Each structure stands twice: as C-alpha cells, then as structure tokens.
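Dear colleague,

Please find below the structure that I am handing over to you, together with its sequence. My notes on what was found in it follow directly after.

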Amino acid sequence: MSNGASAQFTPPSLLLTTIGLSLATFMQVLDTTIANVALPTISGNLGVSYEQGTWVITSFAVSNAIALPLTGWLSRRFGEVKLFIWATLLFVLASFLCGIAQSMPELVGFRVLQGVVAGPLYPMTQTLLIAVYPPAKRGMALALLAMVTVVAPIAGPILGGWITDSYSWPWIFFINVPIGLFAAAVVRQQMRTRPVTTSRQPMDYIGLLTLIVGVGALQVVLDKGNDLDWFESSFIVVGSLISAVFLAIFVIWELTDRHPVVNLRLFVHRNFRIGTLVLVGGYAGFFGINLILPQWLQTQMGYTATWAGLAVAPIGLLPVIMSPFVGKYAHRFDLRLLAGIAFLAIGASCYMRAGFTSEVDFLHIALVQLFMGIGVALFFMPTLTILLSDLPPHQIADGSGLATFLRTLGGSFAASLTTWIWIRRADQHHAYLSEHISQYDPATRHTLEQLGGASPQSYAQLEQILNSQAYMMSTVDYFTLLTWVFGALILLVWLARPPFTAKAGPASAGH
C-alpha cells in the first residue's frame, strides 16, 4: 500500500484528478446496467433466445467478481496509479471488442475479458481518492464516489435504451472508448509524480485457480441448466460436481493458507457475517428487479428500449438527493433500523409490482420505481457500516474487498436464477392456460369470434395473448417471492449487534 510520502501527495489539480478517477468508475458501473435494456435487441440480432442473452450480464458480473480479490496483490506489485491506468485502458480495448463481436460466444468471451480488467477499477478509484484528499475532506470524496455509483445505474437504462433505439447496440460498448481514454490520460498526467512503493508478495495460485474453476463451473450450470433440463443432462451433473469439489477445496485452502486470495476467516466476526448475508441478499434482489423489469416491459408490454429505460430510471432520483444526508446523519440512528426501513421500502415496491396487470400504465410503473429509491438510498451505507463494524482496523480493507466480491457474485447468480424462475413459471402458466383452450369451450369460441373467426391468424393471436398472460402471471409470482425475501432480510439485519461505529481505515466499499 501507499507509504507516508505518497499519502501526502497532492496532484496539480484535485478537480481534474477527481473527474478522471470518477469517470472510470462511472464507466464500469454503467456497464453493469446499460446492457439490461438492450438484451432483447442483442439476443434478436445475434439469433439467440432471451435466456442465452442474459449471459451478456452474468459473464461480466462473475468474471468481475473473480478479479476483485486480485486487486490488493496487483496494486502492491505494480503500484496503484499504474494498475488504475492499465485497467482503464484494457477496459477500453475490451469494450471495443464487445462492440465488434459478431456472435453470442464472441460477445460473451469479450464480456468476460471486460469483467476481469474492470475488477481493480472501483477499489483503485476509492484508494486513490482517499490518498489525494486531505483527511478532513475524505468523507466528501467518498460521498462523491457514492453519488457517481448511484447516478450510473439511472443513466444506464436511459442511455442504453436511447443508444439501442437511435443507433445500434454495439454503441453501448463503443461509448466507453472516449470516456476511458480521457480518464486514463487525465489520471496519468495528474498522478505521474506520485511516489510509488511496490512489493513482491506470494500469490495464492491454488486459491485463485480453485475459485475460478469452482465459481465458473457453477455459473455455467446456472446459465445452461434450463436449456439442458437440469440434472437430466450429464453436462449439468458433471459441471455441478466439478463446482462442488473445487469450491470445497477453495474453502479449506483459504482457511489454512497464510496469504489467502480471499480471507474467509473474517466470517468469525458476527456483524461481518450478518452484514454480508444481508448485503448479498439485498443486492441480489435489487439486481433481479433491474434485470426483469426492462425485459418484461419490452418483450411483453411492447415498450421500446428507450421507454423501458425511462420507466425504470426513477429508481435513482431519491438516492441522489438522499445520499449526502444519509452519509451525514445516519450515525445518529440505529443502523439496523435504517437498513430495515430500506428492505421494507424495497419489499413494499415488490408487493406493489405483484399487483400489476397487463393494463398497468407507464406512470404507475415509474412511480413504484421512484418509491423503491427510498430503499436504495438507505440500503448500502448502513449495511456496509454494520458489516465492517466489528473488524479490527487492519482487516477493514480485506472485509471491504470480500463483501464487494460476494455482492458482485450474488448479482451474477441472481441474474441466472431470476431468468430461470421467470421463464419456467411462464411455461407452467402457459401449459395450465392452454388446457382450458378448446374449440368446444364457449369462452374460446367467443374470443376467436372477436379475433375474426377460427382462422390460423386468429389462433396465432390467441397464442400471443396466452403467452403474454403467462409472462404476466410469472412476473407477479417473481415479485411476490421477492416481497418475502426482503421481509426475511428485515428480520435478519436485527441479528447484528451494536455498536456500529466505523473504525479507521478505508471503510467504505461502494455500490
């Protein structure tokens, strides 16, 4: 890490440095949501099913999670500024390759690369911001970074929708090229004279290898399971066994190695254990909502990508307004209460969505998203403070990294499971509704008459109506399930024990 001299370093322009560092984080966080509204278009253009299209999301998230634990080792080996610049430039290259991809395997491969090189971007932005700001202003710097990570998910769906509709989906990746080049150039120019201390530390290659194989195999099983009929397929059985064996070796090795790539021993601390469970559960639910809503609006409700983006975007308005106040006044309250209110608000928004019908209008959808913003604003800061509260100061950075790793992994698994639940329930509802369709049934005959008589076109329209209703019922089922999940999180967070005072150290791992 930085030595005393580099900790006192001040760049020529603090403003330009902040802009350069923040832009890189904005670009990376934007990439976690910008593709969500473009998925139906990408899937259609590359000739794959919507379910296979979600690999664009999960491949980025899982490779990003696996790369996160390497950040500390890389920064000590090569220096923080150099790591930041190279990660940014490689992210630009990977984004360009995603834009020129001609098939789904190509795009997924380049998204994996993009996720890997994006791993160090957020932690390095946070570390360098803390390093260049004087101690009295570090809170402000981290609040600004939190603001960037809140604004990016709002901008993602709107920007992704507008680019997809107005130009073509590759531009959602090409947009990173000028942003990344500018960020890397500014940070290099401002930080090139910063003193660097590097050290060679042993690398936990066995831990890293078992993590990559174990988590990678599990993600493939989750992504391919529905296509291959789960455990009826030998591919899924073998994949599951490989994942289970390698993850078991990974856990045992990490608990016994002197320099683990992921410090699992932190789970002996009660608040870290409870706080991380709550963070991963809450973020997975939040990620699932952001994934399913734009898909449903476009594939079943006839929204364009732009309008789907506009419908989901209000979720970020209240967090932008509330975040500075939450940062300033949260310590006056019991943080379990604030986190509980967050889960109550998000759970209530899911309950409202469970009451949606295919007649629901744009304003109603947007207002529920706006209301959910209360929960998002109150979720991250209290939860992160709780999970770091009982760690010794020298383990704060490790705890922050491990929580970010698990949260990112939770989002990736949630994307796969959400898609599977949504499509599976829709198929079940479709089968049930089809049982009642018969030319001898008066209701069916009446519907066919309204569609212009018993013609092939009328039957095709009837099938379309059935499909739309099946997905509507599946969407209701999914949001009912999430209502219960967030209800359980309200109870879980109360198992943490005060005091929740933040200790010295880089104690804020962002969104």
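A residue is called buried here when its relative accessible area is under 20%. By that cut-off Cys-98, with a relative accessible area of 0%, is buried. Cys-350 is buried as well, with a relative accessible area of 0%. The structure holds zero disulfides. Please bear in mind that this is a predicted model.

Aromatic residues

The count of aromatic pairs comes to 16. One of them joins Tyr-283 and Phe-380 in an edge-to-face arrangement, with 6.4 Å from centre to centre and 65° between the planes. Tyr-283 belongs to helix 15 (residues 270–299) and Phe-380 to helix 19 (residues 362–388), so this pair ties together parts that are 97 residues apart in sequence. Both partners fall under the burial cut-off: Tyr-283 is buried at 11% relative accessibility, and Phe-380 is buried with a relative accessible area of 3%.

The pair also belongs to a cluster linked by ring pairs, which consists of Tyr-283, Phe-286, Phe-287, Phe-343, Phe-379, Phe-380 and Phe-486.

Charges over rings

Tyr-283 has a further partner in Arg-407, which lies over the face of the Tyr-283 ring at 4.9 Å from the ring centre. A second such arrangement involves Arg-77, which lies over the face of Phe-78 at 5.2 Å from the ring centre.

Helix 13

Helix 13 (residues 205–224) has 20 residues, which at 1.5 Å a residue should span 28 Å. Its end C-alpha atoms are 28 Å apart, in agreement with that expectation. Which residues of helix 13 are buried? They are Gly-207, Leu-208, Thr-210, Leu-211, Gly-214, Val-215, Ala-217, Gln-219, Val-221, Leu-222 and Asp-223. The elements that cover these buried residues include helix 5 (55–67), helix 14 (234–256) and helix 20 (396–435).

A cis peptide bond

Most peptide bonds are trans. The bond from Pro-498 to Pro-499, however, is cis, with omega near 5°. Pro-499 lies in the segment after helix 22 (456–493).

For your own inspection, I would suggest beginning with Tyr-283, since this residue pairs with Phe-380 and has Arg-407 over its ring face.

With kind regards

Key:
Residues numbered from 1 in each chain as written. Predicted model: local features only at pLDDT ≥ 70, side-chain atom pairs only at ≥ 80, totals over all residues. Heavy atoms only, no water. Helix = DSSP H or I, 4+ residues; strand = E, 2+ residues; numbered from the N terminus. Phe/Tyr/Trp six-rings, centres within 6.5 Å; stacked < 30°, edge-to-face > 60°. Buried < 20%, exposed > 50% of the residue type's maximum accessible area, 1.4 Å probe, protein only. Lys NZ or Arg CZ within 6 Å of the ring centre and 35° of its normal. Expected span 1.5 Å × (residues − 1). Contact = heavy atoms within 4.5 Å. Disulfide = S-S within 2.5 Å.
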